[in-house]
Amino acid sequence: MGKPFRIFATTDIGKEALDRLREKGWEVEVYDHLPAPPKRVILEKVRSGIDALITTLRDKIDREVFAAGSAAGLKVVAQDAVGFDNIDREAANRHRIPFTNTPEVLTDATAEFAFFMLGAVARKLYPAEVQVREGKWTTWHPYLPWLGDEVSGRTLAVIGMGHIGKSVVNKAMGFDMDILCHDPTYEEHSFIEAIRWFMEVRHRERLSRRLQTIEYVSLDDALRRADFVSLHVPLTLPGTAEEPTHHLINEERLRLMKRTAYLVNTSRGPVVDEQALARALREGEIAGAALDVFETEPLPADSPLRDEKLCGKLRLFPHAASAARATRLSPDPNVGMAGRCVQAVIDVLDGNHDGDPRQMPFVVNKEAFS
Ligand code: GLV
């Protein structure tokens, strides 16, 4: 018997899932402090010869980590998230170390959260509750102290048509919305056709009052026409993609939006230029925004987004769109991120799928193994 595999997790991704690794006789060490480990600790662990590194979006896994891993026998980096902009893909490829993510299992949790954020900002759920809690609900009045904006029947722009964007489309259908789709990298017309068919059935069966519409449009068109804009693109930096999404929503693009429109971001903070957004909100260029992700997380104390004057029109959340019990913790790889993350570790260490990373479903950088 060789030595058992050693796995280091930069945080506790869930005991039940990690037990699946322990049950195989493997050694699992969890960094047991609330904040992410400093880079020094990650490097120390990697240099000590761990076989697998379990990470989250808080950990910067850069070329130094991959070089250390390559020298010390690191076999896999398993990210407990669908996004992986914190991982240097090029460095992983150079050292031929597979890294994995947890796609699909958080699709619906993230999409529904985006929708709830959209509803919260448009229908003013936060000011409404504050009014009750602070004893300022003195009477029922037709329009005082505030009114929200309806969601049903309005136009939604979905920017980024991957799994999460499509799930948002599916949910928006039930709110009788017209849908504008935009994706910087590809267009899947069969999906649009399928949704149109559902829209026709809903209309025919009188489930919607009018025939809804869905179409692919340019980004500028989507921004000009939408009442709500929801972002679902991965973060890509200049130089790493043909159309990088860093600051995709900038001053110029915010100016294209209707003054009555709302922006929702559950993708990655740097997709939106926060300075430009704060200004657009202050100057009434758009009606409101709801953000779950920020350029710097946690949100700094001096962020312009914390301006009290914006409070009525800006909802802020702590990167929590996937934070639902089963989605985060289920050890089942078909249900939970934790399950999918440990399954990815098992696939690599056990050599499942003929030991070929290209066939392992959760390996991201398959191109490194061709
Ligand atoms: C969360 O943001 C994730 O990428 O899973």
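**Close-ups of the ligand site and a helix pair**

**View 1. Who sits around the ligand.** In this predicted model, the ligand is surrounded by L57, A81, V82, G83, L106, R268 and H319. Sorted by class, that shell comes out as 4 nonpolar residues, 2 polar ones and 1 charged one.

**View 2. Polar contacts to the ligand's oxygen atoms.** Three residues are worth zooming in on here: G83, R268 and H319. G83 uses its backbone, with an N or O atom lying 2.8 Å from a ligand oxygen. R268 brings in its side chain instead, placing a polar atom 2.7 Å from an oxygen atom of the ligand. H319 also works through its side chain, where a polar atom is 2.6 Å from a ligand oxygen. As for how much of the ligand is covered, the protein buries 89% of the 190 Å² that the ligand exposes when taken alone.

**View 3. Helices α7 and α8 side by side.** Now over to a pair of packed helices: α7 spans residues 163-173 and α8 spans residues 189-204. Their axes are 11 Å apart and meet at an angle of about 10°. Angles under 35 degrees count as roughly parallel, so that is how α7 and α8 run relative to each other.

**View 4. Side by side, residue by residue: the α7/α8 contact.** What does each helix bring to the contact? From α7 come K166, V169 and M173, while α8 supplies F191, I195, F198, M199 and R202. In class terms, this contact has 6 nonpolar residues and 2 charged ones, with no polar residues.

Definitions and conventions: Residues numbered from 1 in each chain as written. Predicted model: local features only at pLDDT ≥ 70, side-chain atom pairs only at ≥ 80, totals over all residues. Heavy atoms only, no water. Near = heavy atom within 4 Å. Polar contact = N/O pair within 3.5 Å; in protein donor to acceptor, adjacent residues only side chain to side chain. Areas by Shrake-Rupley, 256 points an atom, 1.4 Å probe, with all protein chains shown as cover. Nonpolar A, V, L, I, M, F, W, Y, C, P; charged D, E, K, R; others polar. Axes fitted to C-alpha atoms, helices over the stretch in contact; angles between N-to-C directions. Helix = DSSP H or I, 4+ residues; strand = E, 2+ residues; numbered from the N terminus. Parallel < 35°, antiparallel > 145°, perpendicular 65-115°, else oblique. Contact = heavy atoms within 4.5 Å.
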